[in-house]
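Reader: Hi! I'm in my first year and still learning to read protein structures. Could you take me slowly through one part of this one?

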Amino acid sequence: TADIAHDLRNPLTVINGYLESLQDGKLKPTPERFAIMQAEVNHLQHLVEDLRTLSLADAGELKLNLEPTSIAELLHHVAETYRLQAEQNQIEIKVESEANLPKVNLDSTRIEQVLGNLVSNALRYTAADGEIRLEANQINGSLSVSVIDTGSGIPADILPHIFERSYRGDQSRSGNESGLGLAIAKSIVETHGGKIKVESALGIGSRI
């Protein structure tokens, strides 16, 4: 609660400061200043939605719209969503999916949210000329989906904690701007009856 209160307070302080200065006439209204306030409002909206997702998961009320879904198509869609950002950072993003994977019952919007958090995170900490790979295959009758990066890796002492909410040991692995991205990913995967885990080596990269 203290972590989230801190995260909520920062954008509110920025917005309040601008509004007070605009009201007092100390600042002139400009498109740039409105854009800053809008960005902070968007940040708050993300925080509130993340909190709502986690509270529903905690209460066992996170509703899933389960439909037969091609995981390969879903991975390609996520890759295309982030391809421009990857290219701008000189990072290659690709999909490797085992042939003829059966469709699986899942909530494609929620799983896309999970994968989006993981890819966004990988992009943030993979250097130019690096690679992000989305993989899907069957292992012992189960579907395995991985996001693999050639990024900086995660220190061993932090690794056991990365799915904890707002863990402050390594801001680089928060997953999204609220610091709740990996906790949300874990909740969504577990609500589907799945498991999420991480393997990482410093200077080599990570697989989630």
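Reader: I'd like a close look at helix α3: which residues in α3 are buried?

Author: Happy to! One thing to keep in mind from the start is that this is a predicted model. In α3, the buried residues are I71, L74, L75, V78, A79, Y82 and A86. Try clicking on each of them in turn as we go.

Let's start with the helix itself. α3 covers residues 71–88, which makes 18 residues. From its first C-alpha to its last it reaches 26 Å, close to the 26 Å expected at 1.5 Å a residue. Along the way there is a bend of about 45° at Y82. Y82 is also one of the buried residues you asked about, so that position is worth a second look when you follow the helix. Just after α3 ends, Q90 takes a positive phi of about 60°.

What lies over those buried residues? The elements covering them include the strands β1 (67–69), β2 (92–97), β3 (104–106), β4 (131–139) and β5 (142–149), together with helix α4 (108–124). Let's visit some of these neighbours.

We can begin with α4. This helix has 17 residues and spans 24 Å from its first C-alpha to its last, close to the 24 Å expected at 1.5 Å a residue. Of its 17 residues, 12 are buried, so α4 is largely enclosed by the rest of the structure. Among the buried ones are R110, I111, V114, L115 and G116, and the list also includes N117, L118, V119 and S120. Look at the start of α4 too: there, a side-chain oxygen of D107 comes to within 3.1 Å of the backbone nitrogen of T109.

Next come the strands. β2 and β4 run parallel and are joined by 6 bridges. To find your place in this pair, pick V95, which stands opposite L134 in β4. β4 also pairs with β5, this time in the antiparallel sense and over 8 bridges. Here a handy marker is E135, which stands opposite S146 in β5. The hairpin of β4 and β5 has 2 residues between the strands, and N140 in this hairpin takes a positive phi near 50°.

Now let's add the charged side chains on these strands. Side chains of opposite charge can pair when their charged atoms come close. In this model, the count comes to 9 salt bridges, and a few of them involve the strands we have just met.

Take E131 as a starting point. E131 forms a salt bridge with K94, and their closest N and O atoms are 3.2 Å apart. This pair links distant parts of the chain, with E131 in strand β4 and K94 in strand β2, 37 residues apart. The two partners differ in how they are classed: E131 counts as buried because its relative accessibility is 18%, whereas K94 counts as partly exposed because its value is 27%.

E131 has another partner in R133, with the closest N and O atoms 2.9 Å apart. R133 has a relative accessible area of 17%, so R133 is buried.

Further along, R207 forms a salt bridge with E135, where the closest N and O atoms are 3.5 Å apart. Again, distant parts of the chain are linked: R207 lies in strand β7 (residues 205–207) and E135 in strand β4, 72 residues apart. R207 counts as partly exposed, because its relative accessibility is 29%. E135 is buried, because its relative accessible area is 12%. Put together, salt bridges that share partners join K94, E96, E131, R133, E135 and R207 into one network.

If you would like to compare with another helix, try α1, which covers residues 2–24 and holds S21. S21 counts as buried because its relative accessibility is 19%. Leaving aside neighbours within four places in sequence, S21 is in contact with K26 and L27. L8 is also in helix α1, but L8 is partly exposed, because its relative accessible area is 23%. Not counting residues up to four places away in sequence, L8 touches L44 and L47. The C-alpha atoms of L8 and E40 are separated by 9.9 Å, and these two residues are 32 residues apart along the chain.

To return to your question, picture α3 with its buried residues, I71, L74, L75, V78, A79, Y82 and A86, and place around them the covering elements, including β2, β4, β5 and α4.

Note on methods:
Residues numbered from 1 in each chain as written. Predicted model: local features only at pLDDT ≥ 70, side-chain atom pairs only at ≥ 80, totals over all residues. Heavy atoms only, no water. Helix = DSSP H or I, 4+ residues; strand = E, 2+ residues; numbered from the N terminus. Buried < 20%, exposed > 50% of the residue type's maximum accessible area, 1.4 Å probe, protein only. Contact = heavy atoms within 4.5 Å. Expected span 1.5 Å × (residues − 1). Bend = angle between axes of the 7 residues up to and from the residue. Salt bridge = Lys/Arg side-chain N within 4 Å of Asp/Glu carboxyl O. Polar contact = N/O pair within 3.5 Å; in protein donor to acceptor, adjacent residues only side chain to side chain. Pairing = 2+ DSSP bridges.
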